[in-house]
Amino acid sequence: MSNAHLQSFSAQLEKEILSSGMSAFKAANPDAVFEDFIRWHSPGDWETDDNMEKVVSHTNAVVDSRNDWPPRGKLSERMSECGNSWRKIWNETPPLPASEQKPLLDPNQEGEKVLHYLETLRPYELLRQMVCTAFKAAADTVNRTSFGENNLSFGTEDIEDLKRLCAIFAHVENLITLAASLHHKFLQAPRLSESIFNDYYNFYLPKMGTVSIGGDEKKDFDKKQEVRRQEREVVASMFTPPTANQSWRKVLSMGNLLNGHEPTSRDHIFQT
């Protein structure tokens, strides 16, 4: 599915969810107006004038206007614009309790999608998700833990241990990503894939958890790998030969290392 289709689907789903909420709100509040729904569903779009918070009665007593009805204030500029889509949906939506509305999603169909996702999920992707989920759950549990009347506090050594653990997880994630990438590219040359991976793995193993990813300790693949006869075609297929006009520019720009041949694809890894 393209990005345009995903955006269109997301926008339609958001519209249906909003319409469903408005419909149920109207059914529960027959005399409600659009402003009432906004105050309930999107309070950030209701602006209350500070000068309206308190008024003086005819007896000069201060009366809290927040107890008055209707509430004093106005819609935000976004909700006041001419042709506002929210107001249009409000005007077109009939009052209908949520129990009588058509479900927004088919539970059977959504369940089948989940099962299909799990059936086609690659092992390294599953491992990555499990590690992230487990680490977040563990961190949340530790954060909620209390001992007696005091919450669990961390000392300097504890913080350093957590930092090292985070660094180890980052290194493992990098190794998994690299292994998956090499396996995909060198599917027909597993020996070469394993040799390149071992070069990377042996560099990081003694540093596991001692340096942060993206720090000063970074691996450059400067080790020359032997490419055997049956592996040459696999490597050659990863580069496209330049045209006659491009050849000399490519040779110069790439330092003549690849004889002007440009890789067919590149992997970009973004880290925070």
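Okay, so let's start with burial: out of 272 residues in this protein, 19% count as buried, where buried is under 20% relative accessible area, exposed is over 50%, and partly exposed is in between, using a 1.4 Å probe and protein chains only. Quick note: this is a predicted model, where local features need pLDDT of at least 70, side-chain atom pairs count only at pLDDT 80 or more, and totals for chains, interfaces and linings use all residues. Residues are numbered from 1 along each chain as its sequence is written, and side-chain values use heavy atoms, with hydrogens and water left out.

The protein has 10 helices and eight strands; those are DSSP runs numbered from the N terminus, with helices being H or I of at least four residues and strands E of at least two.

Let's look at helix α8, residues 190-204. Its 15 residues should span 21 Å at 1.5 Å a residue, and the end C-alpha atoms are indeed 21 Å apart; the expected span is 1.5 Å times one less than the number of residues.

So which residues of α8 are buried? They are Leu 192, Ser 193, Ile 196, Asp 199, Tyr 200 and Tyr 204. These cover an arc of only 130 degrees around the axis, so they sit on the same side of α8; the arc is taken from the directions from the helix axis to the C-beta atoms. Turn to the face pointing away from that buried side, and you find the exposed residues Pro 190, Glu 194 and Asn 202.

Last stop, Val 114: it's in helix α5, residues 107-120, and it's partly exposed, with a relative accessible area of 49%.
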